[in-house]
Amino acid sequence: MWAYNGVFYQIYPIGFCGAPLHNDGVCVSRIRKLIDWSEYLGELGVTSILLNPIFESDNHGYDTRDFKSIDCRLGTNEDFADVCKSLHENGVKIVLDGVFNHVGRGFWAFKDVQEKCWDSPYKDWFHISFDGNSCYNDGFWYEGWEGHFELVKLNLQNPAVADYLLECVKFWIETFDIDGLRLDVAYSLDHDFMKRLRSYTQKLKSDFALIGEVLFGDYNIIVNDEMLHSCTNYECYKGLFSSFNCMNMFEIAHSLHRQFGADQWCIYRGKHLMTFADNHDVTRLASILTNKEHIPLAYGMLFGMPGVPCLYYGSEWTQPGEKAPDNDYALRPCFEEPEPNELTDFIKKLISIRENSDALCNGDYKNIVIQNHQLVFERCSANERIIVAVNAADYPYTACHQELLGEGADLITGQEVKLEGQLNLPPYSVSYIKMN
């Protein structure tokens, strides 16, 4: 699967393109701005762009009106087809947000139910009771997603609904040549539907990637050979920033070993979970880290640990942003053009190192040295061994361990390294040492 060896770049298009939060019905070709960013993304080295909702919706994109039309605030299907062509020409694959758990109140089938009630052929597309009423006084009750009644839950166990959604996916592949889907709230999706989606998309495109949004629980339940290829690793997201803020590297080391270590009870060995430092739903890394010297170190950790790294647009140049109620644009701003800086250059180097390293993409994980302020771990495949070392302290540190032996080169600095049982780490540093 191509996604396992790649690096993702996430954009929330409605915010990124400066579109109004509420659908005003005015068609403006804002999505074409991504064409201007295609070269930047190609040069950055990312292999795929993950786009949050782009289809016609009531407001924020997750309240879909029409799965076959690009949101008019972003432009037309023709505009997006041109965007996809430009991205592909720059070596960037396209993964769209598949919002299959719920739709907006403006969704065409739900509006038919509002109009015809019992006589609507789409009444069984949703979880409806005509013995009750909704908070919108529809004259019937319906299930909303987790109590959000602007998001009408679809009945994925209805074959007609599943058939319709699969047909939409086929339309996206044929019209835009997309390469995968990020499944919104995958933890809420019907398992039989996900199995059908996996089988169906593989027949259309053998390497089509399916990545689920999962916040909790056992990822193995849906990340397997029958359902999804990957899912979001929220456990390690929390451990990543918390370990730096609390100056307690034992936290992220415990999570990584629990998930990917060599012990028989380690639960996700061989899986390629999506790792991230921030996204459109959480406070950005530059705002959540208390010590800004730790920002590049956190990215060094992210690209060195197991998983498929995903960057959130703007964070590669330390864009701040705090999660706030009723303020989508705090986390999902508009940028006219990229604003690269030294951090961007560092991340570009990390991307290049990772994409050319079998050990970092696919290797086993093993902790070597764990201290409150330092973590040294090994990534090892059949033909490559890399030692990743992070010193979060403001003073030098010498890591000592019997496995720190041999000669190699630091892939970040290019310097030759000879280890004789110890490794010297400068203050606020990260090293990727490829052993000979």
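Helix axes here are lines fitted to C-alpha atoms over the stretch in contact, and the angle between two of them is taken between their N-to-C directions. Keep in mind during the tour that this is a predicted model.

**Stop 1: helices α5 and α6**

Select α5 together with helix α6, residues 191-204. Their axes come within 11 Å and cross at roughly 30°. Angles under 35 degrees count as roughly parallel, so α5 is roughly parallel to α6. The crossing of the two is right-handed.

Now show the side chains where they meet. On α5 the contact is made by P159, A162, D163, L165, L166, E167, V169, K170 and I173. On α6 the partners are F193, R196, L197, Y200, T201 and L204. Sorted by type, the residues of this α5–α6 contact are ten nonpolar, one polar and four charged.

**Stop 2: an aromatic pair and a cluster**

Stay on α5, which spans residues 159-176, and select W172 in it. Add F67, which belongs to strand β4, residues 64-70. How are the two rings arranged? F67 and W172 form a tilted aromatic pair, 6.5 Å centre to centre with 45° between the planes. The pair joins distant parts of the chain, as F67 and W172 are 105 residues apart.

Are these two residues buried or exposed? F67 is buried, at a relative accessible area of 2%, and W172 is buried as well, at 0%.

Widen the selection to F55, F67, F100, F107, W108, Y122, W125, Y164, W172 and F193, which form one aromatic cluster. F193 has already appeared in the α6 side of the contact with α5. Across the whole structure there are 38 aromatic pairs.

**Stop 3: two loop residues with positive phi**

Go next to D177, in the loop between α5 and β11 (180-183). D177 has a positive phi of about 60° although it is not a glycine. Its relative accessible area is 39%, which makes D177 partly exposed.

Then select C117, in the loop between α4 (108-116) and β7 (128-129). The phi of C117 is also positive, near 50°, and this residue is not glycine either. C117 is partly exposed, with a relative accessible area of 24%. Why pick out such residues? Most residues other than glycine have a negative phi.

**Stop 4: helices α10 and α11**

Select helix α10, residues 295-304, and helix α11, residues 342-355. They pack at an angle of about 15°, with their axes 10 Å apart, and are therefore roughly parallel to each other. α10 passes α11 in a right-handed crossing.

From α10, the residues I295, P296, Y299, G300 and F303 meet L343, F346, I347, L350, I351 and R354 in α11. The residues of this contact divide into nine nonpolar, one polar and one charged.

How much of α10 is buried? Nine of its ten residues are, so α10 is largely enclosed by the rest of the structure. The buried ones are I295, L297, A298, Y299, G300, M301, L302, F303 and G304.

**Stop 5: C380**

Finish at C380, in strand β17, residues 374-381. C380 is partly exposed, with a relative accessible area of 26%. Leaving aside residues up to four places away in sequence, C380 touches A359, G363, D364 and R385. Add K366, which is 14 residues from C380 along the chain; their C-alpha atoms are separated by 8.4 Å.

Note on methods
Residues are numbered from 1 along each chain as its sequence is written. This is a predicted model: local features need pLDDT of at least 70, side-chain atom pairs count only at pLDDT 80 or more; totals for chains, interfaces and linings use all residues. Side-chain values use heavy atoms; hydrogens and water are left out. Axes are lines fitted to C-alpha atoms, for helices over the stretch in contact, and angles run from 0 to 180 degrees between N-to-C directions. Helices (H or I, at least four residues) and strands (E, at least two) are DSSP runs, numbered from the N terminus. Angles under 35 degrees count as roughly parallel, over 145 as roughly antiparallel, 65 to 115 as roughly perpendicular and the rest as oblique. A crossing is left-handed if the near helix is turned anticlockwise from the far one by less than a right angle, and right-handed if clockwise. Contact means heavy atoms within 4.5 Å. Ala, Val, Leu, Ile, Met, Phe, Trp, Tyr, Cys and Pro count as nonpolar, Asp, Glu, Lys and Arg as charged, and the others, Gly among them, as polar. Rings of Phe, Tyr and Trp (its six-membered ring) pair if their centres lie within 6.5 Å; planes under 30 degrees apart count as stacked, over 60 as edge-to-face and the rest as tilted. Buried means under 20% relative accessible area, exposed over 50%, partly exposed in between (1.4 Å probe, protein chains only).
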